[in-house]
Amino acid sequence: MITFFISLCALVAGYFLYGRFVERVFGPDARPTPAITKADGVDFVVLPGWKIFMIQFLNIAGTGPIFGAIMGAWYGPVAYVWIVLGCIFAGAVHDYLSGMLSIRHDGAGQPEIVGHYLGQTAMRVVLIFSVLLLVMVGVVFVYSPAIILHGIWGSKLFWIVAIFVYYIIATMLPIDKIIGRIYPLFAFSLLFMGFALLIGLLIKQPAIPELWSDLSASNLNENPAWLGRESFVTNSPIFPCLFITIACGAISGFHATQSPLMARCMKTERWGRPIFYGSMITEGIVALIWATVSMYFFYYGGWQEVVKPEVVEAFKAQADGGKTLIQYFDAPTVVKLVCESWLGVAGGILAMLGVVAAPITSGDTALRSARLIIAEFIGLDQRSVLRRFYICIPMFGVVVLLLLWQMNNPDGFNTIWQYFGWANQTLAVFTLWALTVYLAQQHKPYWMTLFPALFMTVICSTFLLVSKQAFGLPLAVSYAGSVVVLLVAVVWFFVWFRKNCQSRRAFPRG
């Protein structure tokens, strides 16, 4: 567990060192925030700083740092490297600067900010991406919790309707009525679950692969025969698939759609680092814990200490076609088994909060963000309940249609989730480029977003080329294509920079 402890310390140090550097670069000041200048009692409402942190953490986390880390653990301890470096130098910077720019632009949403720095065409593309992404989040986070709750009590249809009705209410009501009251409780539960598992790891000190051990042997995806298992994901090499699989624990474009929600509730800009940068670091810690727990579960037979004998027999009875037991352990199952085994009855309750409450709360804030993005684009004030209905009725109509399609399609969830993963990271690419342009215009160290922007551009282009859901090209061809994309991006940026930003008088600092 040495790699885990080093990674944990690195994340904490990253908040205090690099986070402070990023804060100084941006330069928060005492100017009035949109929560004060545009207070409307609905979306622009001053909330306490601790409450904003808890809501922001739950909004950006949900089950992302749990499920993503569990699936990413199949790639071995290299997942630690991506979580730590991605979180400190990409994700937290992405979240902080996008949130702070939202404050500086009167609480503007992500498409508006991207349009301001990258132009109207980019804004329209991001607008479409954002709304589709947020609607997909709402859809997948209706159906998956309903399946789990259906196994406990009631019909699947009942829970789908119940969750959907809650979505409508939470999306329509002022932010301090439901979100401001219950979200901190759910965020505390998610943090407590992570802390309890951390204590369990410290007590058990399980044997897990270390970064300096044989990485090839500790990559279950590259060595499926190690467990008699087919490949984790067909045609899923570490580069780029690891960086798509672990998103919320490292960098996620979805976060930039959520940060403006809290930017509209902050009393002062000086809360930015703990709220935006800090919540991303906290999410990275949760991802580290779950990656470690998952490596304990998957490697060296750790699952045998967690799974009850009767469960093993039940799985064996279901096995067919030479499949092995390990194939049946998807992310929700791992959460449930580990929490119940390590934490008892309380763990079962926490697991339920982790795999049910967290996605539901992410779903309703996603749809709330979609409402505000659309309202901002068409210039429709949201103080009136009727005007909120103008947007929500057609938006929820689309959600219902996608939900019906997903319910009638056996592979509907996986299909939507695959497109969500790529769209999510593509959204981060647009945001990072907008942040790079902002920093360059202000004659600030733009390299701190330029390098993440180039890296994520290559990741998304490679995944698009190699994925069977897109072009499905051979890996070597996809890598060559991504190199071409990288060169084009570098040339484009420096040509633009030379034309627009060489003179320090071209743009005022601010």
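**A guided tour of the predicted model**

Begin by selecting arginine 104 and glutamate 269, whose side chains form a salt bridge with the closest N and O atoms 2.7 Å apart. The structure on display is a predicted model. Arginine 104 belongs to helix α6 (residues 78-104) and glutamate 269 to the loop between α12 (254-263) and α13 (272-298), so this pair ties together parts that are 165 residues apart in sequence. Arginine 104 counts as buried because its relative accessible area is 17%, under the 20% limit. Glutamate 269 is likewise buried, at 0% relative accessibility. Now add Asp29 and Arg31 to the selection: salt bridges with shared partners join Asp29, Arg31, Arg104 and Glu269 into one network.

A search of the whole structure finds 8 salt bridges. For another of them, select arginine 368 and aspartate 43, where N and O lie 2.9 Å apart. Arginine 368 is in helix α16 (residues 331-378), while aspartate 43 is in the loop between α3 (34-37) and α4 (49-61); the two are 325 residues apart. Both of these residues are buried. Keep aspartate 43 selected and add arginine 371, since the side chains of arginine 371 and aspartate 43 also meet in a salt bridge (3.1 Å, N to O). Arginine 371 lies in helix α16 and aspartate 43 in the loop between α3 and α4, so the pair ties together parts that are 328 residues apart in sequence. Arginine 371, too, is buried.

Next, move to methionine 136 in helix α8 (residues 120-150). Methionine 136 is buried, at 15% relative accessible area. Select leucine 402 as well: the C-alpha atoms of methionine 136 and leucine 402 are 8.1 Å apart, although 266 residues separate them along the chain.

Turn then to the surface and select Leu157, Val161, Val165, Ile169, Leu173, Val400, Leu401, Leu404 and Met407, which form a nonpolar patch with about 740 Å² of accessible area together. The elements giving two or more residues to this patch are α9 (156-172) and α17 (385-408). Leucine 157, in helix α9, counts as exposed at 56% relative accessibility.

The last stop is the second largest pocket, which holds about 400 Å³ of space. Select Val429, Phe430, Trp433, Thr457 and Val485, the closest to its centre of the 15 lining residues. Two or more lining residues come from each of α18 (412-441), α19 (447-466) and α20 (475-500), and α18 gives the most, with 5 residues. Which classes of residue make up the lining of this pocket? The lining has 12 nonpolar, 3 polar and no charged residues.

Key:
Residues are numbered from 1 along each chain as its sequence is written. This is a predicted model: local features need pLDDT of at least 70, side-chain atom pairs count only at pLDDT 80 or more; totals for chains, interfaces and linings use all residues. Side-chain values use heavy atoms; hydrogens and water are left out. Helices (H or I, at least four residues) and strands (E, at least two) are DSSP runs, numbered from the N terminus. Buried means under 20% relative accessible area, exposed over 50%, partly exposed in between (1.4 Å probe, protein chains only). Patches are made of residues with over 30% relative accessible area and no salt bridge: like charges are joined within 9 Å, nonpolar side chains (Val, Leu, Ile, Met, Phe, Trp, Tyr) within 5 Å. Accessible areas come from the Shrake-Rupley method with a 1.4 Å probe; for residues, only the protein chains shown count as cover. A salt bridge is a side-chain nitrogen of Lys or Arg within 4 Å of a carboxyl oxygen of Asp or Glu. On a 1 Å grid over the protein atoms alone, a cavity is a set of points where a 1.4 Å probe fits but cannot get out, and a pocket is an open set with protein on both sides within 12 Å along at least five of seven lines; lining residues have an atom within 4 Å of a point. Grid points are joined across faces, edges and corners, and a volume is the space filled by probe spheres set on the points. Ala, Val, Leu, Ile, Met, Phe, Trp, Tyr, Cys and Pro count as nonpolar, Asp, Glu, Lys and Arg as charged, and the others, Gly among them, as polar.
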